[in-house]
Every structure is written in structure tokens, then in C-alpha cells.
Amino acid sequence: MSPAGAARAALMAGLARVPDLRVYDDLAAVVDPPGAVVGPPRLTPDGYGPDLVNAVFVVGLVAPASDRALDVLFDLVQPVCDAIYEVPGAVVTECSPGTWPAGAASLPAYLVEVEMSL
């Protein structure tokens with residue numbers, strides 16, 4: 001497995017520890033919220049060579065489209081961040097509000113940016 005693939009797997013394993021959160025490894029899956037999807041990372045090389053040494057992942061923390069969407073997101077964002085900090089080398093750098101595609105719909109989400117060394 002590539003270093004980026006191993007980092008993604010570790011991140012997904014950490015997220016799987018959050019109670020009542022479904023973690024999806026298939027980017028084409030229709031998310032059944034509350035859920036988390038780990039997208040492909042933005043990779044950057046070492047300044048002195050071609051080796052990729054840093055990965056930035058966006059984790060879509062997805063809530064159901066309902067009048068409780070914000071409550072669900074507020075209740076989950078801290079446990080998700082806590083679980084990510086337990087993954088060796090992972091740091092949450094930002095949690096931005098947004099949406100996540102789910103079939104023909106877009107669901108409320110936090111887009112959690114996670115930086116990891118490879």
C-alpha cells in the first residue's frame with residue numbers, strides 16, 4: 001500500500017471509533033447520514049526531491065437534510081476531531097461548513113481538513 005493509502009486507511013480507522021458515525025471508503029457511495037467520507041488527499045512533495053511527504057485530506061462529515069442538521073453536525077464535529085487527533089501524525093486544520101453530494105441531493109456537512117505527514 002502506498003504511504004498516502006496507508007494514511008487514508010489510518011484516518012478511516014480513527015473515524016470508525018466515533019459512535020453512531022458511518023464511515024465510507026467508497027467515494028461513489030450514497031451516504032446514509034450521519035456519515036463520514038474520506039476523499040483523496042492533496043499531496044505535496046519534499047522540497048528537495050520528488051518524494052511525496054505531506055497529505056491533506058478533506059473529510060466530509062455529513063448530516064441528514066432535516067431541521068436537526070445543524071444539531072447533528074454540532075454534536076459530531078468535536079468527537080470527529082478528537083478521533084482524528086488520536087491518529088498518529090494527523091492534525092485537523094479547519095472545519096468549514098458546506099454540502100456533500102448524496103445521489104441527486106446535497107446534504108449538509110462540515111468539510112474537515114486533515115493534514116498528515118507521509
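Two residues are in contact when heavy atoms of each lie within 4.5 Å. The structure described here is a predicted model.

## Ala69 and its surroundings

Ala69 belongs to helix H2. Setting aside residues within four places in sequence, Ala69 has contacts with Ala63, Pro64 and Pro108. Ala69 counts as buried because its relative accessibility is 8%, and buried means under 20%.

Gly14 offers a second reference point for Ala69. Their C-alpha atoms are 23 Å apart in space, and the two residues are 55 apart in sequence.

## Helix H2

Helix H2 covers residues 69–85, which makes 17 residues. At 1.5 Å a residue the helix should span 24 Å, and its end C-alpha atoms are 24 Å apart, so the expected and computed spans agree. The helix nevertheless has a bend of about 30° at Leu76. A proline, Pro79, follows Leu76 within four residues.

Which residues of H2 are buried? They are Ala69, Val72, Leu73, Leu76, Val77, Val80, Cys81, Ala83 and Ile84. Leu76, where the bend lies, is therefore also one of the buried residues, given that buried means under 20% relative accessible area. The cover over the buried residues of H2 includes helix H1 (3–15) and three strands: S4 (52–62), S5 (90–102) and S6 (105–117).

## Strands S3 and S4

Strand S3 takes in residues 42–45 and pairs with S4 in the antiparallel sense, over 4 bridges. A hairpin of 6 residues joins S3 to S4. Within this pairing, Arg42 has Val56 of S4 as its bridge partner.

Val56 lies in strand S4. With a relative accessible area of 7%, Val56 is classed as buried. Apart from neighbours within four places in sequence, Val56 is in contact with Pro40, Pro41, Arg42, Glu113, Val114 and Glu115. Arg42 thus appears both in this contact list and as the bridge partner of Val56, under the rule that contact means heavy atoms within 4.5 Å. Between Val56 and Val80, the C-alpha separation is 16 Å, with their positions 24 residues apart along the chain.

## Salt bridges

How many salt bridges does the model contain? The count comes to 2. In one of them Asp32 pairs with Arg22, and the closest N and O atoms are 3.6 Å apart. Asp32 sits in the loop between strand S1 (22–24) and strand S2 (35–38), while Arg22 is in S1, so this pair ties together parts that are 10 residues apart in sequence. Asp32 is partly exposed at 42% relative accessibility, and Arg22 is partly exposed at 37%.

Asp71 and Arg68 also form a salt bridge, with 3.4 Å between the closest N and O atoms. Asp71 has 37% relative accessibility and counts as partly exposed. Arg68, at 42%, counts as partly exposed.

## A buried arginine

Arg8 is located in helix H1. What is the nearest side chain of opposite charge to Arg8, and how far away is it? It is Asp25, at 6.0 Å. A salt bridge requires a side-chain nitrogen and a carboxyl oxygen within 4 Å, which is why this distance does not qualify. Arg8 is therefore buried without a salt bridge.

Not counting residues up to four places away in sequence, Arg8 touches Tyr24, Asp25, Leu27, Val38, Gly39 and Phe57. Asp25 is thus in contact with Arg8, since contact is set at 4.5 Å between heavy atoms.

How values were computed: Residues numbered from 1 in each chain as written. Predicted model: local features only at pLDDT ≥ 70, side-chain atom pairs only at ≥ 80, totals over all residues. Heavy atoms only, no water. Helix = DSSP H or I, 4+ residues; strand = E, 2+ residues; numbered from the N terminus. Expected span 1.5 Å × (residues − 1). Bend = angle between axes of the 7 residues up to and from the residue. Buried < 20%, exposed > 50% of the residue type's maximum accessible area, 1.4 Å probe, protein only. Lys, Arg positive; Asp, Glu negative; His and termini not counted. Pairing = 2+ DSSP bridges.
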